[in-house]
Amino acid sequence: MDLLNTLVDKGLRRELPTREEALAVLATSDDDLLDVVAAAGKVRRHWFGRRVKLNYLVNLKSGLCPEDCSYCSQRLGSKADILKYTWLKPDEASQAAAAGLAGGAKRVCLVASGRGPTDRDVDRVSETIKAIKDQNEGVEVCACLGLLSDGQADRLREAGADAYNHNLNTSEGTYGDITTTHTYADRVDTVQKAHAAGLSACSGLIAGMGETDEDLVDVVYSLRELDPDSVPVNFLIPFEGTPLAKEWNLTPQRCLRILAMVRFVCPDVEVRIAGGREVHLRTMQPLALHLANSIFLGDYLTSEGQAGKADLEMIADAGFEVEGADQVTLPEHRTGEAGGCGSHAGTGCGPGADAGCGSHAEAGCGSHEGGGVCGTASASPATATPADEPRTDLVAVRRRGAGTDLAPNA
């Protein structure tokens, strides 16, 4: 297919595809799906080999958020039966992080619900970052605390944070349809603050909220321009008790096409499969590893993921390897002389990139949602759910780990 050959060539050169080419990827048929995955896989392997970076979420403060993000189980007015608790103490958060690190994670993502942190909240998180880093040499820490005020990104950087997550979530044109308590511009401003402070920016999107192909392309092109080092791709978990509970718009094939499009537009960036991979990709998760080079291990913020052991087995069975703590995630041109998780010294997600990031996404190093299944029994052939039926059986509220007395899943 000429389209795919063109996109591979551009991806290897970090050249931006045209909007028409990106839309064409989303419009490919299921018959062409494996060709699309193979093509995007060439770009992924060129920049990241067969490494898979593992990230681990710690929900520092769950529920009771004053924002009205429609997709979020922690939103204002949510009736979702999720865990609700106030700030974890630094030692509690460090213990939770240790479980993920023991499972092979190299980055810990510290997330807290809310519009944004107070200066006291920044102090709390700074203490937590110190506790985690004191006990775990070489760990990367990403904070996701919502909208940042002036100076807060600098304070997090000084405290030892390596990255900051704030997701754009959807296109600027449709942002007002999912959230009214803050604006798309607010999100962009927070990402720019993170960049300016020298933090590695992490910003992504949520697919499956009823958006068009054009909306998906718009947000991914905006992300490329903002130049985050990592792009989490969340697939909406339609939590009961939220406004988007009935939005079951995704198939495994659709999810793979979206991941492929993101890889072609942002070829040399850490693309992370975040919330919803277990719910929407299901048995096709291993194919997604040919597109993304990063996943979350174990559970998400408010929902359960598949068992951490199953994540590791999936990576090995698919012929990939877990990225070691001593390995640099990003290509050399993106890390500059500093190395590490990303320094923005290169050309970014492509030539002409600016700055950027986004929060409150569905799961991921920055959001208020989760996604996944842990230990959910597979349906037998006799009772299998039709492909076009909502898989509500795959949405499990997190009842273990941070904020509970039960051991975490990692």
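In this predicted model, lysine 10 touches Glu15, Leu16, Pro17, Thr18 and Glu21, when residues up to four places away in sequence are left aside. Lysine 10 lies in helix α1, which covers residues 2–13, and because its relative accessibility is 11%, it counts as buried, the cut-off for that class being under 20%. Helix α1 can be followed from here to another residue whose contacts lie elsewhere along the chain. Tryptophan 47 has its place in helix α3, residues 33–48, and it touches Gly11, Leu12 and Arg14, as well as Pro267, Asp268, Pro331 and His333, again without counting residues up to four places away in sequence. With a relative accessible area of 15%, tryptophan 47 is buried. Its C-alpha atom is separated by 8.4 Å from that of valine 269, although the two residues are 222 places apart along the chain.

From these residues the path leads to the nonpolar interior. The largest nonpolar core has 100 residues, and those with the most contacts inside it are Val58 and Leu156. The largest share of this core comes from helix α10, residues 252–265, which gives nine residues. Leucine 156 touches Val122, Val125, Ile129, Ala143, Leu145, Leu148, Ala161 and Tyr164, not counting residues up to four places away in sequence. Another core, of ten residues, lies apart from the largest one, and among its members are Val111, Cys144, Ala274 and Tyr300.

Valine 233 offers a view of how a strand residue is surrounded. This valine 233 has its place in strand β7, residues 230–235, and because its relative accessibility is 0%, it counts as buried. The residues that valine 233 touches, beyond those up to four places away in sequence, are Leu205, Ile258, Leu259, Val262, Val271, Arg272, Ile273, Ala274 and Gly275. For one of these, leucine 259, the separation from valine 233 is 26 residues in sequence and 7.4 Å in space, taken from C-alpha to C-alpha.

Which rings form aromatic pairs, and how are the planes of tyrosine 175 and tyrosine 184 set against each other? The count of aromatic pairs comes to two. In the pair of tyrosine 175 and tyrosine 184, the ring centres are 6.0 Å apart and the planes stand at 70°, so the arrangement is edge-to-face, a class that requires planes over 60 degrees apart. Phenylalanine 296 and tyrosine 300 form an aromatic pair that is likewise edge-to-face, with 6.3 Å from centre to centre and 70° between the planes. Tyrosine 175 counts as buried because its relative accessibility is 2%, and tyrosine 184 counts as buried at 9%. Phenylalanine 296, at 0% relative accessibility, counts as buried, and tyrosine 300 is buried with a relative accessible area of 2%.

Arginine side chains are also found over aromatic rings. Arginine 19 lies over the face of tyrosine 221, at 6.0 Å from the ring centre, and arginine 50 lies over the face of phenylalanine 320, at 4.5 Å from the ring centre.

Tyrosine 300, already met as a member of the core of ten residues, reappears at the largest cavity, where it is one of the residues that lie nearest the centre, together with Tyr56, Leu57, Arg398 and Ala402. This largest cavity has a volume of about 100 Å³ and is lined by 14 residues. Strand β1, residues 51–61, gives the most to the lining, with four residues.

The backbone deserves a last look. Most residues other than glycine have a negative phi. Asparagine 169, although it is not a glycine, has a positive phi of about 75°, and its place is in the loop between β4 (163–165) and α7 (175–178). Because its relative accessible area is 0%, asparagine 169 is buried. Arginine 282 is not a glycine, yet it has a positive phi of about 50°, and it lies in the loop between α11 (277–281) and α12 (285–288). At 22% relative accessibility, arginine 282 counts as partly exposed, since the class of buried residues is kept for values under 20%.

Key. Residues are numbered from 1 along each chain as its sequence is written. This is a predicted model: local features need pLDDT of at least 70, side-chain atom pairs count only at pLDDT 80 or more; totals for chains, interfaces and linings use all residues. Side-chain values use heavy atoms; hydrogens and water are left out. Rings of Phe, Tyr and Trp (its six-membered ring) pair if their centres lie within 6.5 Å; planes under 30 degrees apart count as stacked, over 60 as edge-to-face and the rest as tilted. Buried means under 20% relative accessible area, exposed over 50%, partly exposed in between (1.4 Å probe, protein chains only). A charge sits over a ring if NZ of Lys or CZ of Arg is within 6 Å of the ring centre and within 35 degrees of the ring normal. A nonpolar core is a set of buried Ala, Val, Leu, Ile, Met, Phe, Trp, Tyr and Cys residues joined through side-chain atoms within 4.5 Å. Helices (H or I, at least four residues) and strands (E, at least two) are DSSP runs, numbered from the N terminus. Contact means heavy atoms within 4.5 Å. On a 1 Å grid over the protein atoms alone, a cavity is a set of points where a 1.4 Å probe fits but cannot get out, and a pocket is an open set with protein on both sides within 12 Å along at least five of seven lines; lining residues have an atom within 4 Å of a point. Grid points are joined across faces, edges and corners, and a volume is the space filled by probe spheres set on the points.
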